[in-house]
Amino acid sequence: MHLKDFIPSSSLVISLFIFILSHMVAFPKCVCGIDFRYVACNSSLQCGRLGNIHYPFWVNGSQPKYCGPPFFGLDCLKDEATMSIWFEKFRVLDLDIRTQTLKIARINYSSTGRIDCPRFKTSEDPIDIFRCTSDVTMIKVLYDCALINDLLSYEYPCSVVNNNQSHSYFVADESLAKKYIRSCGYNILFPVSRSASEGLRNHSLGVGEALGKEFELKWTANETQCEDCKESGGRCGFDWNFNTPSCFFRDKPHQQTCTSFSKYPSLFVFH
């Protein structure tokens, strides 16, 4: 027997080397990229004079809607930010994430001299999301009315869905509103600032001027979960299909062995 019979071939040596190396080096179980939702839902976007926009708010046209819950989308044009609340368009003058307070004012109607008549609340309205502060009161809006001489100081034109116009009144005097409520086709409560309501009652403000006065609302959103998400290195979002908060990480969805999500299991919704 010759010595060369004990020397392994070069191919066997190479195969053995690769086998040993593969068991010494811990290859990752997944390759992690940057999740497109993590990129999209950043808080560096600015909107008008509001500065950087943070969850639950998101910017229409610049961010996809999964970056925040319904009813919190902002429209941004130059220095002005607007959003729809109760299916009415408002200018957003300020928002305070810490106190969850929104300062808003109705769009200036001076160019048209009329507004859309307030609509009745439906099951789709965000009743539990936005609520009035103590500085806000309700006046009664009567429309689809005949001409009422006692309410002329409260008259301001509003248009119903089909753009038909009739006499409409924004009445701050509760007793007068009750007196003529049956003379109109529709009546609905309408939020204004207390100073605007007082100005209507004592006739120091015209109706259009009173309706344009700013006032504040409080909003409700599950921001505790968002804080937990951010502390864990994620960015907040919202799953509109399941109506639940989401948390997006830099990595795309992958097996739990690559990055552990076990600390906040209820926050992570990936599709």
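## Overview of the chain

Two residues are in contact when heavy atoms lie within 4.5 Å. Among contacts in the chain between residues at least 6 apart in sequence, 61% join residues at least 24 apart. The structure is a predicted model, in which local features need pLDDT of at least 70, side-chain atom pairs count only at pLDDT 80 or more, and totals for chains, interfaces and linings use all residues. Residues are numbered from 1 along each chain as its sequence is written, and side-chain values use heavy atoms, with hydrogens and water left out.

The chain has 6 helices and 14 strands; these are DSSP runs numbered from the N terminus, with at least four residues for a helix (H or I) and at least two for a strand (E). Of its 271 residues, 38% count as buried. Here buried means under 20% relative accessible area, exposed means over 50%, and partly exposed lies in between (1.4 Å probe, protein chains only). The exposed surface of the chain comes to about 16,300 Å², of which carbon and sulfur atoms supply 53%. Such areas are computed by the Shrake-Rupley method with a 1.4 Å probe, and for residues only the protein chains shown count as cover.

## A three-stranded sheet

Strands of a sheet pair through backbone hydrogen bonds, either parallel or antiparallel. In this model, 3 strands form an open sheet in the order β10-β8-β11, with antiparallel pairing. Two strands are taken as paired if DSSP finds at least two bridges between them. The edge strands, β10 (167–171) and β11 (184–193), each pair on one side only. From one strand to the next, the twist averages 20°.

Strand β8 (residues 136–145) is joined to β10 by 4 bridges in the antiparallel sense. V141 has F170 as its bridge partner in β10.

## Helix α4 and residue S197

Helix α4 (residues 194–201) lies across β8, β10 and β11, and runs at about 125° to β11. Angles of this kind run from 0 to 180 degrees between N-to-C directions, the axes being lines fitted to C-alpha atoms, for helices over the stretch in contact.

S197 is part of helix α4. With a relative accessibility of 3%, S197 counts as buried. Apart from neighbours within four places in sequence, the contacts of S197 are T137, I139, A172 and V192.

## Salt bridges

Side chains of opposite charge can pair when their charged atoms come close. A salt bridge is counted when a side-chain nitrogen of Lys or Arg is within 4 Å of a carboxyl oxygen of Asp or Glu. The whole structure contains 8 salt bridges.

One of them joins the side chains of R106 and E88, at 2.7 Å from N to O. Because R106 belongs to strand β5 (residues 101–106) and E88 to strand β4 (residues 88–96), this pair ties together parts that are 18 residues apart in sequence. R106 and E88 are both buried.

Two further salt bridges lie within helices. K178 pairs with E174, their closest N and O atoms being 3.6 Å apart. K178 and E174 are 4 residues apart in helix α3 (residues 174–180), and therefore separated by about one helical turn; both are exposed. In helix α4, R201 and E198 are 3 residues apart, about one turn of the helix. The closest N and O atoms of the salt bridge between R201 and E198 are 2.7 Å apart. R201 is partly exposed at 39% relative accessibility, and E198 is likewise partly exposed, at 38%.
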